[in-house]
Amino acid sequence: MGYTRVTEHGYRYPLVDNDPPEHTRARRAVQNQFSPAAMARLRPAVRQAATGLVDAAAAMGEVEAVTALAQPLPDLTIRLLTGIEPPDPDTMASWGDAVGRLASADADPWHSELATDSLEWLAAKGVPALPEHCMGRVIMDSGGEDGRLAEDGLERLMMLDSIWLAGIDSSGSLLANAINAFAEFPDQWDAVRERPALIPNAVEEVMRWDAPFRSFYRRTLAPANIGGVDIPADADVCVIMAAANRDPDRFADPDRFDVTRPDARAHLAFGASIHLCLGAPVARLETVEFLTALAGRVRRFERTGEAVRSANQAVRKFSSLPVRLVPA
Ligand code: HEM
């Protein structure tokens, strides 16, 4: 198994591909866009989007949950967040998929080409069409909240591109994984419907039990010892968060999907430390609103065909998840 080191695919994202001090400077420039106050402003529109999608799907009864529910909500949410008017859903899905794979073992030149296409589209079409007063403008026109994103080169565009596409495949995977979990464990869906206050914890439990990103790669800058294993400097290390999330030394009965689990939030699905997912508040918000809308309208998720996982080493997602939404 191998992976693509940052410099080999020709891009450098200002956050995920950088160490301090560059990372610190770049993250400070955008961090406030994800503050609790910013999320409170975003929530009503995401709620409306989630309710609209769930209403339409519930009216159909039987749906392909990936295309009817899991893919469209992140597209709508990221548009509300950034101001970028997206191209068609299939293009968004293929760009989100490609960017999600960039640093993974199964990335190939085709994925780099798609990532380049997304950047070129953003520069040529997405940025010129940005409305006034949106995150896209704060980044592109002002260089972030404190104006410290470089004006020359690609830094501003790469920042906007990474925020834009990092939240597509990741959140889409989480929403479908949630439906799958509740189809498999209807008693847990009953619990959520009986006590909607459990929904935020249920979101954490879906992230722990079936994390979108299985793993990330790191390169050591200095020798390290992790869990008694010596790792030399300049080594490629695969951090398997999905395994940590099912660690029996950390989580009691880890394979059990339990929406009341008291320490569900201790999962590593958003990573940890300085690279902790910047968009985690957005992912949490949209998934809470999604499950809330479903809980009001759907009593059961019943599989109507085979659930098919996507062949993808980076993101654990479904390519097909046909379900019947049994009305509440
Ligand atoms: C369920 C959905 C999501 C999951 C599971 C997820 C997961 C992650 C993980 C594991 C990392 C750490 C990467 C590393 O350590 O190298 C990360 C970083 C990041 N995520 Fe997310 N993410 C999600 C949604 C989002 C959304 C919605 C956005 C944007 C709106 C976003 C933007 C970012 C960015 C910009 C970084 C880089 C942060 C940095 O390096 O400082 N993510 N994400």
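This passage describes a sheet, a pocket, an iron site and two backbone features in a predicted model.

The sheet is open and consists of three strands, arranged in the order β1-β9-β6 with antiparallel pairing. The outer positions are taken by β1, residues 62-64, and β6, residues 298-303. Each of these two strands has a single partner, so one side of each is left without a neighbour in the sheet. On average, neighbouring strands of the sheet are turned by 30 degrees against each other when direction is ignored. In general, the strands of a sheet pair through backbone hydrogen bonds, in either a parallel or an antiparallel manner. Between β1 and β9, the latter formed by residues 322-327, the antiparallel pairing extends over three bridges. Within this part of the sheet, Glu62 is placed opposite Arg324 of β9. A helix is also associated with the sheet: α9, residues 169-184, lies across β6 and β9. The direction of α9 is at about 90 degrees to β6.

The second largest pocket holds about 230 Å³ of space. Two helices, α2 (residues 36-60) and α4 (residues 72-82), each contribute at least two residues to the lining of this pocket. The largest share comes from α2, which provides five residues. Among the lining residues are Ala38, Met39, Arg41, Leu42 and Ala45, and the lining also includes Leu80 and Leu81. Asn32, Gln33, Cys134, Met135 and Glu145 line the second largest pocket as well. Classified by residue type, the lining comprises eight nonpolar residues, two polar residues and two charged residues.

The ligand contains an iron atom, for which the protein supplies a single donor. This donor is the SG atom of Cys277, at a distance of 2.3 Å from the iron. Cys277 is located in a loop, with α12 (residues 241-244) on one side and α13 (residues 280-297) on the other.

Two features of the backbone complete the description. The peptide bond that leads from Pro20 to Pro21 is cis, and its omega is near 5 degrees. Pro21 belongs to the segment before α1, a helix of residues 22-30. The second feature concerns His133, which has a positive phi of about 50 degrees although it is not a glycine. His133 is situated in the loop that connects α6, residues 109-126, with α7, residues 135-142.

Key: Residues numbered from 1 in each chain as written. Predicted model: local features only at pLDDT ≥ 70, side-chain atom pairs only at ≥ 80, totals over all residues. Heavy atoms only, no water. Pairing = 2+ DSSP bridges. Helix = DSSP H or I, 4+ residues; strand = E, 2+ residues; numbered from the N terminus. Axes fitted to C-alpha atoms, helices over the stretch in contact; angles between N-to-C directions. Contact = heavy atoms within 4.5 Å. 1 Å grid on protein atoms, 1.4 Å probe; cavity = no way out; pocket = protein on both sides within 12 Å on 5 of 7 lines; lining within 4 Å. Points joined across faces, edges and corners; volume = space filled by probe spheres on them. Nonpolar A, V, L, I, M, F, W, Y, C, P; charged D, E, K, R; others polar. Donors = N, O, S within 2.8 Å, 3.2 Å for Na, K, Ca; no water.
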